[in-house]
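This report describes a predicted model of a protein chain. The sequence and structure are shown first, and the notes follow.

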Amino acid sequence: MVEHSLSLSGMEKLLKKAGALRVSDKAKEAFREVLEEIGEELGKKAVKFSEHSKRKTIKAEDIKLAHKS
């Protein structure tokens, strides 16, 4: 079984905040999969920025730079 970092209820909240009136379970699952993929790629970029700065700790600036690149 695959362990997910993001909750389905969180996915529903985000989609409703975006304007959805109703959200199917399959839509929540698909949204979670996509966001986890995007998050993992963003995290990898942020790690590279922190390593380039000779740090082990990822900072907010690394995340922001990774998002812009």
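Apart from neighbours within four places in sequence, Asp-62 makes contact with Ala-46, Phe-49, Ser-50, Arg-55 and Thr-57. Asp-62 belongs to helix 3. Its relative accessibility is 1%, and because buried means under 20%, Asp-62 counts as buried. A polar atom of the Asp-62 side chain lies 2.8 Å from the backbone nitrogen of Lys-59.

Ile-63 is also in helix 3, which covers residues 60–68. With a relative accessibility of 36%, Ile-63 falls between the 20% limit for buried and the 50% limit for exposed, and therefore counts as partly exposed. On the surface, Ile-63 joins Val-47 and Ile-58 in a nonpolar patch. The accessible area of Val-47, Ile-58 and Ile-63 together is about 200 Å².

Helix 2 spans residues 25–52 and contains Ala-27. Ala-27 has a relative accessibility of 32%, so this residue counts as partly exposed. Between Ala-27 and Leu-15 there are 9.4 Å from C-alpha to C-alpha, at a sequence separation of 12 residues.

The relative accessibilities given above are collected here.

| Residue | Relative accessibility | Class |
|---|---|---|
| Asp-62 | 1% | buried |
| Ala-27 | 32% | partly exposed |
| Ile-63 | 36% | partly exposed |

What is the fold of the protein chain in terms of helices and strands? The protein chain has three helices and zero strands, and its pattern along the sequence reads α-α-α. The radius of gyration is 15 Å, whereas the globule rule gives 11 Å for 69 residues; the protein chain is therefore more spread out than a compact globule. Along the principal axes, the C-alpha trace extends over about 45 × 30 × 15 Å.

Further totals describe the protein chain as a whole. Buried residues make up 14% of the 69 residues, and Asp-62 is one of the residues that count as buried. The accessible surface amounts to about 5,900 Å². Carbon and sulfur atoms account for 57% of that surface. Among contacts with a sequence separation of 6 or more, 29% are between residues 24 or more positions apart.

Notes: Residues are numbered from 1 along each chain as its sequence is written. This is a predicted model: local features need pLDDT of at least 70, side-chain atom pairs count only at pLDDT 80 or more; totals for chains, interfaces and linings use all residues. Side-chain values use heavy atoms; hydrogens and water are left out. Patches are made of residues with over 30% relative accessible area and no salt bridge: like charges are joined within 9 Å, nonpolar side chains (Val, Leu, Ile, Met, Phe, Trp, Tyr) within 5 Å. Accessible areas come from the Shrake-Rupley method with a 1.4 Å probe; for residues, only the protein chains shown count as cover. A salt bridge is a side-chain nitrogen of Lys or Arg within 4 Å of a carboxyl oxygen of Asp or Glu. Helices (H or I, at least four residues) and strands (E, at least two) are DSSP runs, numbered from the N terminus. Buried means under 20% relative accessible area, exposed over 50%, partly exposed in between (1.4 Å probe, protein chains only). The radius of gyration is taken over C-alpha atoms; the globule rule is 2.2 Å times the number of residues to the power 0.38. Contact means heavy atoms within 4.5 Å. A polar contact is a pair of N or O atoms within 3.5 Å; within protein, one must be able to donate a hydrogen and the other to accept it, and residues adjacent in sequence count only if both atoms are side-chain atoms.
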